[in-house]
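Visitor: Please take a close look at one part of this protein, the nonpolar surface patch, and then set it in the whole.

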Amino acid sequence: MSTSTQPAVAASRTALSVDEARQSIHSALTPIRGWERVAIRDALGRILADDVIAPHNVPAHDNSAMDGYAVRSNDAAAPGTTALKIVGTAFAGTAFSGQVGSAQAVRIMTGAMIPHGADCVVPQEFVQVEGETVTVTGPLKPGQNLRRAGEDLAKDAPALSAGTRVGPAELGLIASLGVAEVTVRRRLRVAFFSTGDEVASIGKPLAPGQIYDSNRYTLFGVLTRLGCELIDMGVIPDRPEALETAFADAAASADVILTSGGVSVGEADFIKDMMARMGEVDFWKLNIKPGRPMAFGRIGTTWLFGLPGNPVAVMVTFYQFVQDALLTLMGVEPLPERPTHPARCLADIRKMPGRREYVRAIFRQENGEATVQPTGAQGSGVLRSMSDANCFIVLPESRESVTAGETVEVQMFDGLI
């Protein structure tokens, strides 16, 4: 592989650690080019290509942080009570047109503009009102219970930075600025297919020894959630000419090729030969379980990830390696480390040291205690172990078997999946 664009992986290495593989992938990638202008409702889930700049102060004017009375602080600067005359009312969206003079007050609602002359707000629960008179208790201070103009965002300041993924809160923030359109990166185009003569598409009867293709639907789900533009190429049989055509077509139209199956050692695993002839690809053995075999590299300018064939291994390798890589290509800087949380394990887990294991499990927080329970059978083909789980128990390379009651580290699916 070219050292300028490819991960520097020594050919003599028999297996890469999770951290080595992540670093190798991340160091090779740069965001794709291309952008478009979209209406803010179409920006949900998209990646900002430019900073969103505040065209005005937010809030645009000094306003009240609560319902109460706008007054002059020097009218009640000393301890004790002071009677003030109520001269009007200020509503949110309807300002008081006059000015607050000495010994005067204006009834004010949350969000209403602070009347001229007033410099603080006394909450309504801290006053007494009789007719047109309100009695306040001092001392009062300038700025009390006010929200200053530009307090949230100053005019011409960046409200959101390029590389931000737009969620519901970001949509609201953009709308609060009166901005109707934003510039976003174009969608990442991902071509994906399954390989293997034993894999059958849904809707076709199973021949002896065949299984239905679940991996393509799993990948459809995770790629759709990421907001990618999808090119579903179906199931490709284990024939060199069919694989070569599939890779050539995918490389011509996509930024990323994502395959499942065909990267382990086997007589029918033609993908390795195809990748090596058509591009620059490393074939890795990873010291993880599940998901030991994986390929990474390029065919032309298109990045390629060859995932294992077993369904759980596909999901584990996608979430631990590919998802962050796709986010990097989309222009999002991934977290340097995935957060984990301690929990008391409720079952024994057998493990040999030397590899990192991802055990599908159910995390619970009850009576102030965090516990985690494996979902049962942990084979890499038991896809239900992912459906039933809400987390991974992450057992590091140095860890040996877990005894029930011991503390383990948990990686939650929430925010990951």
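Guide: The patch comes first, then the overall layout. This is a predicted model, in which local features need pLDDT of at least 70, side-chain atom pairs count only at pLDDT 80 or more, and totals for chains, interfaces and linings use all residues. Residues are numbered from 1 along each chain as its sequence is written, and side-chain values use heavy atoms, with hydrogens and water left out.

I202, L206, Y212 and Y217 make a nonpolar surface patch of about 410 Å². Such a patch is made of residues with over 30% relative accessible area and no salt bridge, with nonpolar side chains (Val, Leu, Ile, Met, Phe, Trp, Tyr) joined within 5 Å and, in charged patches, like charges within 9 Å. A salt bridge is a side-chain nitrogen of Lys or Arg within 4 Å of a carboxyl oxygen of Asp or Glu. Areas come from the Shrake-Rupley method with a 1.4 Å probe, and for residues only the protein chains shown count as cover.

One member, L206, sits in the loop between β14 (199–200) and β15 (211–212). Strands are DSSP runs (E, at least two residues), as helices are (H or I, at least four), numbered from the N terminus. L206 counts as partly exposed because its relative accessibility is 41%; buried means under 20%, exposed over 50%, and partly exposed in between.

Now the whole. The protein has seven helices and 26 strands, and 45% of its 417 residues count as buried. C120 is one buried residue, with a relative accessible area of 0%. The C-alpha atoms fill a box of roughly 95 × 50 × 45 Å along the principal axes.

Methods:
Buried means under 20% relative accessible area, exposed over 50%, partly exposed in between (1.4 Å probe, protein chains only).
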